[in-house]
Amino acid sequence: MRASNHLIGLLNFMTFLLSIVILGGGIWLSSRANNTDCLKFLQWPLIVIGASIMVVSLAGFAGACYRNTFLMWLYLFVMFFIIAALIGFIIFAYAVTDKGSGRPVMNKAYLEYYLPDYSGWLRDRVVDEGYWAKISSCIRDSRACSKMGRSFNGVPETYDMFSMRKLSPIESGCCKPPTDCGYVYVNETLWNPGGGLVGSDIDCSRWSNDQQMLCYQCDSCKAGVLGGLKKSWRKVSVINIVVLILLVILYVIGCAAFRNNKKIDNDEPYGEARMTKAQPSRIHL
């Protein structure tokens with residue numbers, strides 16, 4: 001049982017390093033919130049959980065190495081709630097990003113995104129007019145669309161070359177008109193109406209060649225934001241699940257170390273107590 005103290009100390013040090021990874025994931029989401037995904041609140045629970053794990057792992061490390069029963073008790077008490085919070089966060093992240101995905105387009109490498117494919121709390125949050133004004137302004141300021149331009153040996157890419165690009169959800173939904181609209185390609189963010197009628201999709205009339213407008217008010221742009229969030233959060237959720245498994249293992253070993261520390265505090269050495277009970281009684285003649 002005493003070996004569990006050393007093991008819990010080692011595992012807590014590893015958890016401390018993992019908390020840095022979790023914080024890194026939160027910071028990565030924060031950078032995407034400012035530059036790409038443009039949703040600036042979902043990363044904070046991850047940052048808080050990562051910081052909490054960092055602090056608790058230090059308490060557990062000190063409690064295991066110095067056999068401080070109070071620190072070990074505090075470690076187990078707080079770790080229980082962190083594990084519960086992480087489980088709730090993983091379930092929440094999967095629930096709000098469960099619905100919707102990009103649709104394939106014939107003879108195109110990129111996907112297109114449609115708002116009716118998404119539902120739930122996150123969709124309602126994104127389509128809210130006041131909140132969408134902030135998101136669309138963030139996308140415009142990030143210059144995601146202006147960065148799409150490509151040229152080869154000084155020659156701008158052709159429509160066939162553009163069709164073979166794997167666009168991000170934001171690029172597909174916000175920086176070009178939907179393919180069904182029948183617009184004619186000029187460059188990545190400049191499309192002219194075709195010879196026939198424009199498609200029936202309401203986004204067809206929302207498209208503008210004004211580089212400050214483009215399709216920022218299109219439903220496809222809102223769907224692209226939701227699609228980008230889903231991809232980002234699914235990547236982070238994989239890390240969260242691995243960390244959750246490690247935390248549960250840590251918690252079980254921590255319980256064993258806590259019981260061991262209580263025995264030492266009560267002057268009940270584990271091995272000696274058993275040996276004393278195992279001694280046969282002396283026979284007095």
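**Close-up 1. R125 over the face of Y131.** In this predicted model, R125 lies over the face of the Y131 ring, at 4.4 Å from the ring centre.

**Close-up 2. R103 and the ring of Y114.** Here's another arginine over a tyrosine: the charged end of R103 sits over the Y114 ring. The distance to the ring centre is 4.2 Å.

**Close-up 3. F77 and F81, a pair within helix α3.** The structure has 11 aromatic pairs in total. For F77 and F81, the ring centres are 5.2 Å apart and the planes meet at 65°, so this pair counts as edge-to-face, the cut-off for that label being over 60 degrees. Both residues belong to helix α3 (residues 69–96), and because they're four residues apart there, about one helical turn separates them. As for solvent, F77 comes out as partly exposed, with 44% relative accessibility. F81 is partly exposed too, with a relative accessible area of 49%.

**Close-up 4. F162 meets W191 from far along the chain.** These two rings also pair edge-to-face, with 5.7 Å from centre to centre and 65° between the planes. This pair ties together distant parts of the chain: F162 comes from helix α6 (residues 159–163) and W191 from strand β6 (residues 190–192), with their positions 29 residues apart. Both F162 and W191 are buried.

**Close-up 5. The aromatic cluster around F162 and W191.** Zoom out a little and F162 and W191 turn out to have company: they belong to one aromatic cluster with Y110, Y159 and Y185.

Definitions and conventions. Residues are numbered from 1 along each chain as its sequence is written. This is a predicted model: local features need pLDDT of at least 70, side-chain atom pairs count only at pLDDT 80 or more; totals for chains, interfaces and linings use all residues. Side-chain values use heavy atoms; hydrogens and water are left out. Rings of Phe, Tyr and Trp (its six-membered ring) pair if their centres lie within 6.5 Å; planes under 30 degrees apart count as stacked, over 60 as edge-to-face and the rest as tilted. Helices (H or I, at least four residues) and strands (E, at least two) are DSSP runs, numbered from the N terminus. Buried means under 20% relative accessible area, exposed over 50%, partly exposed in between (1.4 Å probe, protein chains only). A charge sits over a ring if NZ of Lys or CZ of Arg is within 6 Å of the ring centre and within 35 degrees of the ring normal.
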